[in-house]
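Colleague: Please take a close look at the surroundings of the ligand, and place that part within the rest of the chain. Give the cut-offs as you go.

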Amino acid sequence: MGEKASVLVIGGGIAGIQASLDLAGRGFQVYLLEESPTIGGRMAQLDKTFPTMDCSICILAPKMMECYRHPNIKLLTYCELKEVKGIVGDFNVKVLQKPRYVDEVKCTGCGVCAEHCPIEVPNEFDMALGIRKAIYMPMPQAVPRCMTIDKENCIKCGLCAKVCRAGAVDLQQQPKEMDLNVGAIIIATGFDQYDPREIVEYGYKRYENVLTALEFERWICASGPVGGHLIRPADGIIPKRIAFIQCVGSRGLKFGSPFCSSVCCMYATKEALIIKMHAPDVQVYIFYNELRAFGKGFQEFVNRARNEYEVKYIRGRPGEIKEDPKKSLTIWYDDTFTREIKSLTDVDLVVLCPALIPREGNKRLAEIIGVELDEYGFFKVKHPLFAPVDTTIPGVFVCGYCQSPKDIPDSVAQASAAAARAAEMLAQVRR
Ligand SMILES: Cc1cc2nc3c(=O)[nH]c(=O)nc-3n(C[C@H](O)[C@H](O)[C@H](O)COP(=O)(O)OP(=O)(O)OC[C@H]3O[C@@H](n4cnc5c(N)ncnc54)[C@H](O)[C@@H]3O)c2cc1C
């Protein structure tokens with residue numbers, strides 16, 4: 001082991017960022033490995049955050065920047081974990097850095113190349129509701145502030161290279177393999193979203209005015225595809241009625257996964273409040289199975305939405321959504337209080353809250369590292385009560401949504417716990 005013990009953190013969402021900052025602050029060398037071109041994770045895509053209603057990127061960006069500037073953190077973005085060998089205190093790790101075709105040191109992120117790029121493709125950061133160019137930066141606050149060429153869509157016209165005054169475009173860049181030696185590993189790979197197309201009755205992707213909650217976060221965000229204006233996707237009309245549907249593909253209701261995603265009751269309430277702040281006259285409905293407002297101040301948050309903002313909570317199970325020729329929607333639902341089949345008509349926008357599920361890549365990652373997954377595909381911990389951040393391999397820890405469904409405050413707390421456990425274990429092996 002080198003002078004400073006080092007730790008590999010996999011996943012640059014809020015959990016990975018927090019674990020990295022904690023460890024770096026204690027003098028450990030951290031390698032923060034992120035598969036996408038920027039750190040930030042899902043939190044970077046959110047408009048505001050419950051329970052405080054802070055602007056999400058405003059509170060996240062300083063932490064992202066701190067990671068970039070910290071002398072003890074090396075950011076490995078656009079990278080893939082290839083191999084892990086060894087034991088606690090002495091893991092040998094192989095990492096593959098994918099080519100960005102842009103020199104990270106030379107690029108200033110000015111974006112002139114993107115202005116000249118003729119190719120437009122759906123922007124993943126905006127959940128494909130907006131467009132980006134084939135040479136792009138996922139978001140204005142990206143860290144590192146560097147463009148990336150998406151080789152699949154690039155037509156090799158060379159315009160970007162011609163206009164780049166920094167000479168940063170390098171179309172000959174090759175994948176690069178790196179060998180690292182680390183004492184501990186922290187896994188923080190977050191979550192994926194269930195695809196609601198499976199529930200054909202909801203018409204997701206068939207009806208333009210049906211979005212998922214993550215899409216709605218981008219839609220309503222000032223930096224999103226429509227500048228944060230509250231309009232219907234189909235025709236730009238200002239909506240009068242918006243409905244949220246909870247538990248889409250979660251809790252074993254016919255489709256998807258059996259577990260509760262744990263954050264949807266609260267983020268749907270948050271999104272309802274955001275709507276009310278944009279346009280107080282819009283009527284907002286939330287269809288729920290049972291409200292899970294379990295955290296400190298959460299029930300008060302829901303009560304405020306209900307009483308002050310007149311958000312209507314309906315305990316009911318929507319069975320079908322129908323679109324009329326004017327693109328307005330009718331929701332047919334089973335009212336689970338009265339046991340009647342009812343309908344809510346003239347809905348302009350439906351926001352689905354799909355199950356948040358373990359990432360597909362967890363299986364491969366678990367094989368590479370040698371850790372176990374639970375029955376759902378989340379990373380398994382050694383003991384749920386007394387070792388809640390230790391995996392089944394000594395020296396490998398886990399935090400954030402990839403361990404189990406949780407919100408940002410709990411992800412941050414667990415990240416600090418994982419960092420503390422890694423530091424403690426490294427102190428023992430260093431002795
Ligand atoms: C619509 C919506 C709204 C929400 N609103 C709120 C809110 O207001 N307040 C709140 O507290 N919570 C909210 N949440 C929950 C919040 O998004 C999560 O709690 C939080 O993002 C979890 O952070 P994380 O770092 O564990 O995972 P993520 O944010 O998913 O980050 C994981 C990171 O790991 C990277 N990664 C994945 N696999 C690999 C790999 N194999 N190698 C390298 N990198 C990898 C990903 O690219 C990503 O950058 C919301 C969730 C949704 C869906």
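Modeller: The chain's secondary structure amounts to nine helices and 23 strands; helices (H or I, at least four residues) and strands (E, at least two) are DSSP runs, numbered from the N terminus. This is a predicted model, in which local features need pLDDT of at least 70 and side-chain atom pairs count only at pLDDT 80 or more, while totals for chains, interfaces and linings use all residues. Residue numbers start from 1 along each chain as its sequence is written.

Three domains divide the chain: domain 1 (6-97 + 175-190 + 359-430), domain 2 (99-173) and domain 3 (194-355). Their bounds come from an automatic or database domain assignment.

The shell around the ligand has 40 residues, and the closest are Gly11, Gly13, Gly41, Gly190 and Gly400. A residue is near a molecule if its C-beta atom, placed from the backbone, lies within 6 Å of it. Domain 1 and domain 3 both give residues to this shell, so the ligand lies between them. At least two shell residues come from each of α1 (14-25), β2 (29-34), α5, α6 (264-278) and α9 (408-430). By class, the shell has 20 nonpolar, twelve polar and eight charged residues. Here Ala, Val, Leu, Ile, Met, Phe, Trp, Tyr, Cys and Pro count as nonpolar, Asp, Glu, Lys and Arg as charged, and the others, Gly among them, as polar.

One of the shell elements, α5, leads to a sheet. Seven strands form this open sheet in the order β15-β21-β16-β17-β18-β19-β20, with mixed pairing; two strands pair if DSSP finds at least two bridges between them. β15 (210-212) and β20 (340-347) are the edge strands, each with a single partner, so one side of each has no neighbour in the sheet. From one strand to the next the twist averages 40°, with axes fitted to C-alpha atoms, for helices over the stretch in contact, and angles running from 0 to 180 degrees between N-to-C directions. Strand β19 (residues 329-335) runs antiparallel to β20, and six bridges join them. Isoleucine 331 has leucine 344 in β20 as its bridge partner. Helix α5 (residues 213-220) packs on the sheet, touching β15 and β21 (349-354), and its direction makes about 95° with that of β15. Contact requires C-beta atoms, placed from the backbone, within 7 Å.

As for domain 2, its C-alpha centre lies 27 Å from that of domain 1. Ten residues of domain 2 are in contact with 17 residues of domain 1.

Note on methods: Two residues are in contact if their C-beta atoms, placed from the backbone, lie within 7 Å.
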